[in-house]
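Please look over the sequence and the model shown here, paying attention to how charged side chains are arranged. The report that follows starts from one pair of residues and then widens to the chain as a whole.

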Amino acid sequence: MLYNDNLPVRYPKGNFAMVTVYSFTGASILASIIFSLLLFLSIDEDPVMQLLFGGLAVIFELGKFFAWYEFGERRSRRNYAGAFSAFAFYSVLAAISIGGSIGGINSATNKAQSHINVQQSKVNSYNMQIEAIEKQIELNNIAAEKYIQMERIATGVARIQEQNDKLREQQMQLAAERDSLPVVTQGSVIGLIDSLAKSLGIETQTAQLGLVVFLSVLLDFFAAFFVGLIGEELRFRNQFRQGGGFTIDSFACSPAEPELLSHQPSVQAAQGDSDDPASQADTDASPPKEPAKPKTLYEQAIEALSTNKVNCTKRAVTRHLKVSTEEVDELFKRFMEEGIVSKKPNNHYQWHGVTES
């Protein structure tokens, strides 16, 4: 895998990413508030009490997420005692919120289930009436057999047949009314609950409770994750503006060794020599020195790398010497031929230094 020296370690997230994060966070917080309201508003039917309990649910939800945000802030400042208190406060509010969400989701699910139960009860009522008529017809047939045995066909059997005909008409009318009832459509959530109950071999109520608890906990952790993500991104942006960003150049290939303060004695010696009149006269009498020859590009690069003025990267050498990339490529090629620089498996360069001959 090739590494690009121009690639920074991390940039702040763009506008699209932040809009997405804020959207997810707002939607999850709003859903958590709504499910908690479903439970708290069902406590009392008085409008004043509903207003109080509804406000309490909103305060708990918003306070819970702010406590989680404050937990991240205090932990980043290494205030562990404050972070622990914020986490404890968040845990209490999260438990209340999860309980409210469980109650709200369960209430909404029970309403959908109750609608299905009402429709099913109507169908069962028609089925019971049709079955009762069928039993009455069977009893009439038994009585008709008795009349036949007593040879009273003209009087008894004819009357029973008329009753059976009326019962059959009534039975057909009830069946038509039953079939005309609207078809009960099973919602996706109810279907999911029934499928879970059948696959796990448990009761429907148990499967419903497990699904509600799972969704409530997942919703709460989902919102907390995005709130923490927003806090971490805001802290990083502040550090990025103050520090000017974090790039790969800030990580040196080889650590720079501390230099000894050896220049002070030489400065004092130079000052002492300048105070000596004889040395000053000798200096004036000596011919002027020729200006030093400019160092070659190769020598400048060796000096910069040997004194740890730059890192062992092509980009750093290019910036320091202010030359083209092609010239730096030729320098590093020569360094590798001479064994001064080696290339790591990750395509980074490592400085070994010039060996004295």
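In this predicted model, Arg235 and Glu73 are paired through their side chains in a salt bridge, with an N to O distance of 3.1 Å. Arg235 belongs to helix α6 (residues 204–243) whereas Glu73 belongs to helix α2, so this pair ties together parts that are 162 residues apart in sequence. Are the two partners buried or exposed? Arg235 is buried, because its relative accessible area of 18% falls under the 20% cut-off, and Glu73 likewise counts as buried, at 15% relative accessibility. Salt bridges with shared partners join Glu73 and Arg235 into one network with Glu70, Arg74 and Arg77.

Within that network, Glu70 takes part in a salt bridge with Arg74, where the closest N and O atoms are 3.2 Å apart. Both Glu70 and Arg74 lie in helix α2, which covers residues 47–76, and they are four residues apart, or about one turn of the helix. Glu70 also meets the side chain of Arg77 in a salt bridge, at 3.9 Å from N to O, a distance that still qualifies because the cut-off is 4 Å. As for accessibility, Arg74 is partly exposed, with a relative accessible area of 24%, while Arg77 is exposed, with a relative accessible area of 51%. Arg77 counts as exposed because the category begins over 50%. As a general matter, side chains of opposite charge can pair when their charged atoms come close.

The salt bridges described above are set out here.

| Salt bridge | N to O distance |
|---|---|
| Arg235 and Glu73 | 3.1 Å |
| Glu70 and Arg74 | 3.2 Å |
| Arg77 and Glu70 | 3.9 Å |

How many salt bridges does the structure hold? The structure holds 11 of them.

Turning to the chain as a whole, the protein has 11 helices and two strands, and, read along the sequence, the pattern is α-α-α-α-α-α-α-α-α-α-α-β-β. Of its 357 residues, 27% count as buried. Among contacts in the protein chain with a separation of 6 or more, 66% are accounted for by residues 24 or more positions apart. The chain exposes about 24,400 Å², of which carbon and sulfur atoms supply 60%.

One nonpolar patch on this surface, of about 260 Å², is made by Leu30, Ile34 and Leu38. Leu38 is found in helix α1, which spans residues 15–40, and counts as partly exposed at 37% relative accessibility. Thr206, in helix α6, also counts as partly exposed, at 44% relative accessibility. The C-alpha atom of Thr206 is separated by 9.2 Å from that of Ile193, and these two residues are 13 residues apart along the chain.

The confidence of the prediction should be kept in view when reading these details. The protein chain averages a pLDDT of 75, and 74% of the residues score at least 70. Where does pLDDT stay under 50? One such stretch is residues 246–256, for which the model has 24 contacts beyond four places in sequence. Another is residues 262–274, for which the model has two contacts beyond four places in sequence.

Note on methods. Residues are numbered from 1 along each chain as its sequence is written. This is a predicted model: local features need pLDDT of at least 70, side-chain atom pairs count only at pLDDT 80 or more; totals for chains, interfaces and linings use all residues. Side-chain values use heavy atoms; hydrogens and water are left out. Buried means under 20% relative accessible area, exposed over 50%, partly exposed in between (1.4 Å probe, protein chains only). pLDDT is the predictor's confidence in each residue, from 0 to 100. Contact means heavy atoms within 4.5 Å. Accessible areas come from the Shrake-Rupley method with a 1.4 Å probe; for residues, only the protein chains shown count as cover. Patches are made of residues with over 30% relative accessible area and no salt bridge: like charges are joined within 9 Å, nonpolar side chains (Val, Leu, Ile, Met, Phe, Trp, Tyr) within 5 Å.
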